[in-house]
Amino acid sequence: MIDGSYECPSPVGEVVMRRGVVIILKVLVVSVLAGMLGALFWGLPWLSGEMARDLPELAHLRLPLLVLGEVALLGGIVVLACLWQLLTRVSEGRIFDPASLRWVAAMSTASAVAGVACVAAEFWIPGPPLLGLGVLVVALLCLGLTLVLVVMRGLLVQATSFRAELDQVI
């Protein structure tokens, strides 16, 4: 570097590392998705049935809480599905395509829906205060994720326009 020359690092190692990271993230997404689907189809219905059986005076809350819980889980599942698509676009080198913006927008919308469902559930939860606090924390995390995704979408819009401008110059 003393003589002013600069040696460009090999992009091959970067591609291999990126593919490795994408594969690991996809395995993680599938694992979390499997757990969420299990909770959606078996966990929440079973839990709401147990609550109605053990606390018959609160049985009327079974359906509203079940629906809100499933809406929140569906929001999380949509976020993971969109993340899968974005990871695929990263591995193919197409992340700066304007079509990626739709996936980020869908993620932020799904996260907001999940957060709103958790906030709505706060008004129905009859149990211990710790349960309500846990749901509130999840709601805040969902809404915080939504804000981060909105900022990231703005950055992706800028990067996409820069990429298009650079492609025109080259």
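## Salt bridges around Glu-92 and Asp-97

In this predicted model, Glu-92 is partly exposed, with a relative accessible area of 46%, and its salt-bridge partner is Arg-94, the closest N and O atoms of the two residues lying 2.5 Å apart. Arg-94 also counts as partly exposed, its relative accessibility being 38%.

A further salt bridge joins Asp-97 to Arg-89, with 2.7 Å between the closest N and O atoms. Here the two partners fall into separate accessibility classes, because Asp-97, at a relative accessible area of 31%, is partly exposed, whereas Arg-89, at 6%, is buried, the limit for that class being under 20%.

## The network at Glu-50, Arg-53 and Asp-54

The structure holds four salt bridges, and Glu-50, Arg-53 and Asp-54 are linked in a network of such contacts. Within this group, Arg-53 pairs with Glu-50, and their closest N and O atoms are 2.4 Å apart.

Arg-53 and Glu-50 both belong to helix α1 and are three residues apart there, so about one helical turn separates them. Arg-53 itself counts as exposed, with a relative accessibility of 56%.

## The largest pocket

The largest pocket encloses about 860 Å³ of space, and its lining comprises 33 residues, those nearest the centre being Leu-44, Leu-65, Gly-69, Cys-118 and Val-135. Two or more lining residues come from each of the elements α1 (11–54), α2 (62–91), α3 (100–122) and α4 (129–169), and among these contributors α2 gives the most, with ten residues.

In terms of residue class, the lining of the largest pocket consists of 26 nonpolar residues, six polar residues and one charged residue.

## The second largest pocket

About 250 Å³ of space lies in the second largest pocket, which is lined by 13 residues, with Leu-86, Ile-95, Val-104, Met-152 and Leu-156 lying nearest its centre. The helices α2, α3 and α4 each supply at least two residues of this lining, and the most come from α4, which gives six residues.

The lining of the second largest pocket contains twelve nonpolar residues and one charged residue, with no polar residues.

Technical notes. Residues numbered from 1 in each chain as written. Predicted model: local features only at pLDDT ≥ 70, side-chain atom pairs only at ≥ 80, totals over all residues. Heavy atoms only, no water. 1 Å grid on protein atoms, 1.4 Å probe; cavity = no way out; pocket = protein on both sides within 12 Å on 5 of 7 lines; lining within 4 Å. Points joined across faces, edges and corners; volume = space filled by probe spheres on them. Helix = DSSP H or I, 4+ residues; strand = E, 2+ residues; numbered from the N terminus. Nonpolar A, V, L, I, M, F, W, Y, C, P; charged D, E, K, R; others polar. Salt bridge = Lys/Arg side-chain N within 4 Å of Asp/Glu carboxyl O. Buried < 20%, exposed > 50% of the residue type's maximum accessible area, 1.4 Å probe, protein only.
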